[in-house]
Amino acid sequence: MWDNAGALKRITGWLMILVVLILLGALVVWVYNSPYFPVKQVKIEGDVQRTGNKQLQNVAQKYIRGNIFKADLNGAQDAFAKLPWVDKVSVRRRLPDTVEINLTERIPVGRWKESGLIDSNGNLFNAATDETFPLFDGQPGTGSIMVKHYNEFTAILKPQNLSIAKLEYTPRSAWSVELDNGISVRLGRENETKRLQRFADMWREVLKVNQSSIDYVDMRYKDGFAVRYLEKPQEQETAGPSETDIPEAETANRQ
């Protein structure tokens with residue numbers, strides 16, 4: 001073999017490659033552990049309003065320190081994602097000495113069953129806040145559809161200067177809203193958006209002047225609606241049949 005020039009040339013070539021790989025590996029280890037590449041700056045980007053600076057600092061100090069190549073960015077990203085107000089987060093290196101953190105916070109929409117909050121994507125979470133939000137009373141797994149309906153209902157009520165204090169979605173898939181003035185509006189299991197629009201139209205034309213004496217408005221009738229007044233035990237007829245005048249079978253068929 002030693003007399004074979006071709007074989008010696010191939011062996012020499014492989015040895016050179018091996019030496020280069022060893023040197024590259026040593027260089028990587030040196031760079032990874034070197035004190036010459038410290039993290040000098042941590043940038044936090046995004047509209048951060050509810051997540052406390054102390055929480056962010058604690059995570060950054062735990063995971064993003066020392067050599068920029070050795071900083072545990074995956075651990076930092078997981079830790080940031082667990083903060084209650086954080087919806088999305090990305091953590092990346094910007095050589096030579098900067099780590100950038102981009103945060104997107106949850107947008108709270110309501111309180112969920114008097115414990116916890118629901119965000120604009122319909123996700124439930126727990127976070128401390130003194131802010132006032134409408135109450136969402138729904139079933140497990142209905143967060144997204146409730147937020148969708150809340151936005152639609154709010155758009156209908158806003159021109160009448162009305163807002164939702166409570167949104168309810170029952171196990172029978174029936175909708176009802178309680179307004180900020182204490183009046184409840186029963187919408188039933190179908191055509192709930194159209195029914196609320198009809199309520200808004202009737203509010204402006206008929207109901208607003210009597211709002212202080214109204215207990216609830218039932219919009220589940222095809223051609224009208226029923227109103228229960230606070231001072232009377234029975235409902236009064238308004239632009240449609242009263243519930244007490246409707247045969248039992250028809251009352252049972254309301255949706």
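**Exercise 1. Find the residues that Thr129 contacts once its neighbours within four places in sequence are set aside.**

Solution. Start at Thr129 and leave out those close neighbours: the contacts that remain are with Trp85, Arg111 and Leu117. Keep in mind as you work that this is a predicted model. Next, place the residue: Thr129 sits in a loop, with β6 (124-125) on one side and β7 (135-137) on the other. Finally, look along that loop for a polar partner. The Thr129 side chain comes to 3.1 Å from the backbone nitrogen of Glu131.

**Exercise 2. Decide whether Asp47 is buried or exposed, and describe its surroundings.**

Solution. First locate the residue: Asp47 belongs to the loop that runs between β1 (41-45) and α2 (53-63). Then take its relative accessible area, which is 54%. The cut-off for exposed is over 50%, so Asp47 counts as exposed with its 54%.

Now turn to its partners. With residues up to four places away in sequence not counted, Asp47 touches Leu103 and Glu105. Take Glu105 a step further: 58 residues separate it from Asp47 in sequence, while the C-alpha to C-alpha separation in space is 7.3 Å. To finish, check the side chain: that of Asp47 forms a polar contact with the side chain of Gln49, at 3.1 Å.

**Exercise 3. Describe the largest nonpolar core and identify the elements that each supply at least two residues of it.**

Solution. Begin with the core itself, which has 32 residues. The residues with the most contacts inside this core are Phe136, Leu167, Leu196, Phe199, Leu207 and Val217. Then go through the secondary structure. The helices α4 (143-157) and α5 (192-207) each supply at least two core residues, as do the strands β4 (108-112), β8 (164-169), β9 (175-179), β10 (184-188), β11 (214-218) and β12 (225-229).

Zoom in on Leu167 next. Not counting residues up to four places away in sequence, its contacts include Phe136, Met146, Tyr150, Phe153, Trp175 and Val177. One last step is to look beyond this core: a second, separate core has 17 residues, among them Leu56, Val59, Ile68 and Phe80.

**Exercise 4. Summarise the protein chain as a whole.**

Solution. Count the elements: there are six helices and 13 strands. For burial, 37% of the 255 residues count as buried. For the surface, the chain exposes about 15500 Å², of which carbon and sulfur atoms supply 51%. For contact range, take the contacts between residues at least 6 apart in sequence: 43% of these join residues at least 24 apart.

Key. Residues are numbered from 1 along each chain as its sequence is written. This is a predicted model: local features need pLDDT of at least 70, side-chain atom pairs count only at pLDDT 80 or more; totals for chains, interfaces and linings use all residues. Side-chain values use heavy atoms; hydrogens and water are left out. Helices (H or I, at least four residues) and strands (E, at least two) are DSSP runs, numbered from the N terminus. A polar contact is a pair of N or O atoms within 3.5 Å; within protein, one must be able to donate a hydrogen and the other to accept it, and residues adjacent in sequence count only if both atoms are side-chain atoms. Contact means heavy atoms within 4.5 Å. Buried means under 20% relative accessible area, exposed over 50%, partly exposed in between (1.4 Å probe, protein chains only). Accessible areas come from the Shrake-Rupley method with a 1.4 Å probe; for residues, only the protein chains shown count as cover. A nonpolar core is a set of buried Ala, Val, Leu, Ile, Met, Phe, Trp, Tyr and Cys residues joined through side-chain atoms within 4.5 Å.
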